[in-house]
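This report goes through one protein model from its overall fold down to single residues. The sequence and the coordinates come first.

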Amino acid sequence: MSSTAHHPDGQPLRSDAERNRGRIIAAARTVFGRDGLGASMASVAREAGVGIATLFRHFPVKEDLVAAVFADRMDAYVTAVDEALDDTDPWGGFTGFIEAICAMQAADRGFADVLTMTFPAAEAFEARRAEAYQGFLELITRAKRSGHLRDDFASQDLILLLIANAGVVNFAGEFAPDTWRRFVALLIQSFQAPARGPLPDPPEDDALYQAMRRAGPAGPSTQERPGGD
């Protein structure tokens with residue numbers, strides 16, 4: 001399969017344009033990893049050493065850039081589910097997956113944000129997320145069947161965990177980078193059976209989806225942009 005990059009219109013990129021695209025992705029990985037997805041497209045362009053018009057030629061909306069930057073991270077997310085499903089210990093697989101993805105969040109501030117947002121325009125990217133989610137549903141079933149996971153744990157609790165852990169990661173930053181470990185350990189203990197007490201109902205799936213969609217990066221300005229390669 002060819003690895004040649006393409007413009008959004010499907011045409012192959014010239015070699016100089018392909019180099020620019022690679023520089024933009026590398027720069028965005030740095031900027032998003034350092035500053036989170038709230039970083040501006042202009043800051044990515046500056047990091048890449050290209051004009052803002054060049055950036056928008058390659059990535060017309062921010063979702064396109066996010067999907068290109070974090071495609072490999074999302075693949076690792078799916079791999080983490082597959083490895084957890086291969087674990088013969090249902091509780092070990094369940095907790096190992098949670099620890100793995102929270103570690104991914106801690107290692108990359110941008111990906112910490114990605115896991116708490118949704119990007120409807122990036123269909124292939126979201127399909128990979130959905131694949132991982134289906135695997136997590138199986139992890140829940142297995143862990144409950146083994147008697148280790150409390151019966152009222154809901155799939156929505158994973159989203160709540162990721163949102164909370166992203167907050168811990170972003171707050172502690174480089175000053176206390178391992179803080180997330182204690183937080184996640186406390187949560188895992190709260191997930192164990194027998195339950196210490198009843199829980200309020202989880203949020204509806206659609207409500208969580210809308211919240212994640214709202215949290216996603218805003219699209220580009222509608223003002224006219226200058227042309228560029």
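The text below covers the overall architecture, the nonpolar core, the aromatic pairs, the open and closed spaces, and a few single sites.

**Overall architecture**

The model is a predicted one. The protein has ten helices and zero strands, so the order of elements from the N terminus on reads α-α-α-α-α-α-α-α-α-α. Of its 229 residues, 41% count as buried. Among contacts between residues at least 6 apart in sequence, 71% join residues at least 24 apart.

**Nonpolar core**

In soluble globular proteins, nonpolar side chains tend to be buried together. Here the largest nonpolar core has 56 residues. Helix α4, residues 62-86, gives the most to this core, with eleven residues. Within the core, the residues with the most contacts are F32, Y77, F94 and F97.

For F32, the partners beyond four places in sequence can be listed. They are L37, A39, V44, K62, L65, V66, V69, F70, R109 and G110.

**Aromatic pairs**

Which residues are linked into a cluster by ring pairs? The members are Y77, W91, F94, F97, F136, F153 and F191. Y77, F94 and F97 are also named among the residues with the most contacts inside the largest nonpolar core.

The whole structure holds eleven aromatic pairs. One of them joins F94 and F153: the ring centres are 5.4 Å apart and the planes stand at 85 degrees, so the pair counts as edge-to-face, a class that needs over 60 degrees. F94 belongs to helix α5 and F153 to the loop between α7 and α8, so this pair ties together parts that are 59 residues apart in sequence. Both F94 and F153 are buried. A further edge-to-face pair is formed by F119 and F125, and both of these residues are buried as well.

The geometry of these two pairs is set out in the table.

| Aromatic pair | Centre to centre | Angle between planes | Class |
|---|---|---|---|
| F94 and F153 | 5.4 Å | 85 degrees | edge-to-face |
| F119 and F125 | 5.9 Å | 70 degrees | edge-to-face |

**Cavity and pocket**

How many cavities of 30 Å³ or more are there? The count comes to one. The largest cavity encloses about 30 Å³ of space. Its lining is made up of A84, D87, D89, P90, G93, F94, L139 and R142. Two elements, α5 (90-107) and α7 (123-145), give two or more residues to this lining, and α5 has the largest share with three residues. By type, the lining of the largest cavity divides into four nonpolar, one polar and three charged residues. F94 therefore has a place in the cavity lining as well as in the edge-to-face pair with F153.

The largest pocket holds about 340 Å³ of space. It is lined by 14 residues, and R129, Y133, I159, Y209 and M212 lie nearest its centre. Helices α7, α8 (156-172) and α10 each supply at least two residues of the pocket lining. That lining divides into nine nonpolar, two polar and three charged residues. Helix α7 thus contributes two or more residues to the lining of the largest cavity and at least two to that of the largest pocket.

**Single sites**

Is E126 buried or exposed? E126 is buried, because its relative accessible area is 14% and the cut-off for buried is under 20%. This residue lies in helix α7. Leaving out residues up to four places away in sequence, E126 touches T118, F119 and P120. F119 in turn is a member of the aromatic pair with F125.

L55 lies in helix α3, residues 52-58. With a relative accessible area of 0%, L55 is buried. Its contacts, again leaving out residues up to four places away in sequence, are I24, M41, V44 and A45. V44 also appears among the contacts of F32. L55 and A42 are 13 residues apart in sequence, and their C-alpha atoms are 8.6 Å apart in space.

A cis peptide bond joins A193 and P194, with omega at about 0 degrees. P194 is found in the loop between α9 (179-191) and α10 (205-215).

Terms used: Residues numbered from 1 in each chain as written. Predicted model: local features only at pLDDT ≥ 70, side-chain atom pairs only at ≥ 80, totals over all residues. Heavy atoms only, no water. 1 Å grid on protein atoms, 1.4 Å probe; cavity = no way out; pocket = protein on both sides within 12 Å on 5 of 7 lines; lining within 4 Å. Points joined across faces, edges and corners; volume = space filled by probe spheres on them. Helix = DSSP H or I, 4+ residues; strand = E, 2+ residues; numbered from the N terminus. Nonpolar A, V, L, I, M, F, W, Y, C, P; charged D, E, K, R; others polar. Phe/Tyr/Trp six-rings, centres within 6.5 Å; stacked < 30°, edge-to-face > 60°. Buried < 20%, exposed > 50% of the residue type's maximum accessible area, 1.4 Å probe, protein only. Contact = heavy atoms within 4.5 Å. Core = buried A, V, L, I, M, F, W, Y, C linked by side-chain atoms within 4.5 Å.
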